[in-house]
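This report describes a structure in words, moving from one helix outward to its neighbours and its charged contacts. Please keep the sequence and the 3D view at hand while reading.

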Amino acid sequence: ISNGKIEQITKEKPTGSYDKVLDGFYVCPGFVDIHTHGRGGTASVLDYWLSDVTAKILPHYGTTSLLASVTFPKDPEGQERTNKVIKHLHQKCGKVEGDCAVIEGIHAEGPIVRDLSLIHISEPTRQA
């Protein structure tokens, strides 16, 4: 870092001390996005995850790890597509691939457990 700008990015460990604040800014190793729907390339939120478009774009904005947000539609065709995407993401989870952000896991969009009747959740009782 020189004059407040990053001069070099390398896989090698830098020499000297880099634990410092630069005029009110911090040098960070990267951010984790815990709710990412994907960024372009298809018309479907689910299909975003079948390509590397999102994982390649996010590091340019400082995000180095993410949770892939997926939807869980109730219709059989949508469920089939969701299963395909989850299997694909499972193979990519935790792997460093080139200059892509690392997909660390999956974020289930919405209250899927209750909506898909995967477990019984009782309604809260109200007291007068």
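## Helix H2 and its dimensions

How many residues does H2 have, and how far does H2 reach from its first C-alpha to its last? In this predicted model, H2 has 17 residues and spans 25 Å between those two atoms, which is close to the 24 Å expected at 1.5 Å a residue. Just after the helix, Gly-94 adopts a positive phi of about 80°.

## The two faces of H2

The residues of H2 that count as buried are Gly-78, Thr-82, Val-85, Leu-89 and Lys-92. Because they cover an arc of only 80° around the axis, they lie on the same side of H2. An α-helix has 3.6 residues a turn, so residues three or four places apart point the same way.

The face turned away from this buried side carries the exposed residues Pro-76, Glu-77, Glu-80, Lys-84, Lys-87, His-90 and Gln-91.

## What H2 packs against

Which strands are included in what covers the buried residues of H2? Strand S4 (63-70) and strand S5 (102-108) are among the elements that do so. In keeping with this contact, H2 lies across S4 and S5, and its direction runs at about 145° to S5.

These two strands belong to an open sheet of 3 strands, arranged in the order S3-S4-S5 with parallel pairing. The edges of the sheet are formed by S3 and S5, each of which pairs on one side only, and the twist from one strand to the next averages 20°. Between S4 and S5, which run parallel, there are 6 bridges; one pairing of residues places Ser-65 opposite its bridge partner Val-102 in S5.

## Salt bridges around Lys-92

Side chains of opposite charge can pair when their charged atoms come close. How many salt bridges does a search of the whole structure find? The search returns 2. In one of them Lys-92 pairs with Asp-52, with the closest N and O atoms 3.2 Å apart. This pair links distant parts of the chain, since Lys-92 belongs to helix H2 (residues 76-92) whereas Asp-52 sits in the loop between strand S3 (31-36) and helix H1 (53-57), 40 residues apart.

Lys-92 also forms a salt bridge with Glu-97, and here the closest N and O atoms are 2.8 Å apart. Through shared partners, the salt bridges join Asp-52, Lys-92 and Glu-97 into one network.

Is each member of this network buried or exposed? Lys-92 has a relative accessible area of 14% and is therefore buried, the limit for that class being under 20%. Asp-52, at 28% relative accessibility, counts as partly exposed, and Glu-97, at 30%, also counts as partly exposed. Lys-92 is thus named both among the buried residues of H2 and as a member of the charged network.

## The chain as a whole

The secondary structure of the chain comes to 3 helices and 5 strands, and from the N terminus on these elements follow one another as β-β-β-α-β-α-β-α. Of the 128 residues in the chain, 21% count as buried.

Among the contacts in the chain with a separation of 6 or more, 62% are accounted for by residues 24 or more positions apart. The salt bridge between Lys-92 and Asp-52, whose partners are 40 residues apart, gives an individual example of a link between distant parts of the chain.

Notes
Residues numbered from 1 in each chain as written. Predicted model: local features only at pLDDT ≥ 70, side-chain atom pairs only at ≥ 80, totals over all residues. Heavy atoms only, no water. Salt bridge = Lys/Arg side-chain N within 4 Å of Asp/Glu carboxyl O. Helix = DSSP H or I, 4+ residues; strand = E, 2+ residues; numbered from the N terminus. Buried < 20%, exposed > 50% of the residue type's maximum accessible area, 1.4 Å probe, protein only. Expected span 1.5 Å × (residues − 1). Arc of directions from axis to C-beta. Contact = heavy atoms within 4.5 Å. Pairing = 2+ DSSP bridges. Axes fitted to C-alpha atoms, helices over the stretch in contact; angles between N-to-C directions.
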